[in-house]
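Visitor: I am new to this structure. Could you pick one part of it and walk me through that part and its surroundings?

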Amino acid sequence: MPKHQDIHSVLLIGAGPIVIGQACEFDYSGVQACKALREEGCRVILVNSNPATIMTDAQTADATYIEPVEWQTVARIIEMERPDAYFADDGWPDCSELCAGSAP
């Protein structure tokens, strides 16, 4: 699949709160997404409410927001950062509900 030449920055919405010892696959998949996007030359903007993940390491994304994974917070970050595309690390209820539009 050819690279979209108009995508220069991507907002990655992290899985949100993860209990230590559970659901590490969501953190791993998010880290791999960040790495792949950066290798393609994209600026990666990360939103995740869990500071204890590898995904929120300073080397993983170009900008990291450790904020609640809620539509109000994500909307504020989108307004500030103006990403060209969005990517959801879908799999945990906060992110899944937000992306599905069912968050309160």
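Guide: Let's start with one pair of residues: Val47 stands opposite Tyr65 in strand β3. Before we go on, this is a predicted model, in which local features need pLDDT of at least 70 and side-chain atom pairs count only at pLDDT 80 or more, while totals for chains, interfaces and linings use all residues. Residues are numbered from 1 along each chain as its sequence is written, and side-chain values use heavy atoms, with hydrogens and water left out.

Our part is strand β2, residues 43-48. Helices (H or I, at least four residues) and strands (E, at least two) are DSSP runs, numbered from the N terminus. Five of the six residues in β2 are buried, so the rest of the structure largely encloses this strand. Buried here means under 20% relative accessible area, exposed means over 50%, and partly exposed lies in between, using a 1.4 Å probe and protein chains only.

Now for the neighbours of β2. With β3 (residues 63-66), β2 runs parallel, and four bridges join the two. With β1 (residues 9-13), the pairing is also in the parallel sense, over five bridges; there, Arg43 of β2 is the bridge partner of Ser9. Two strands count as paired if DSSP finds at least two bridges between them.

Stepping back, the open sheet has four strands in the order β3-β2-β1-β4, with parallel pairing. β3 and β4 (85-88) stand at the edges with a single partner strand each, so one side of each has no neighbour in the sheet. From one strand to the next, the twist averages 20 degrees. Beyond β1, four bridges lead on to β4, again parallel, and Ile13 has Ala88 of β4 as its bridge partner. Helix α2 (residues 71-81) packs on this sheet and touches β1, β2, β3 and β4; its direction makes about 160 degrees with that of β2. Axes are lines fitted to C-alpha atoms, for helices over the stretch in contact, and angles between N-to-C directions run from 0 to 180 degrees. A contact means heavy atoms within 4.5 Å.

Look at α2 itself, where Thr73, Val74, Ile77 and Glu81 are buried. Seen down the helix axis, the buried residues of α2 fall within an arc of 95 degrees, so they line one face of the helix; the arc is that of the directions from the axis to the C-beta atoms. Thr73, for one, has a relative accessible area of 9% and touches Glu67 and Pro68, leaving aside residues up to four places away in sequence.

Back to our opening pair: Val47 and Tyr65 both belong to the largest nonpolar core, whose nine residues also include Leu11, Ile45 and Ile77. Such a core is a set of buried Ala, Val, Leu, Ile, Met, Phe, Trp, Tyr and Cys residues joined through side-chain atoms within 4.5 Å. β1, β2, β3 and α2 are the elements that give two or more residues to this core. Another core, of eight residues, lies apart from it, and Leu12, Cys34, Val44 and Met55 are among its members.
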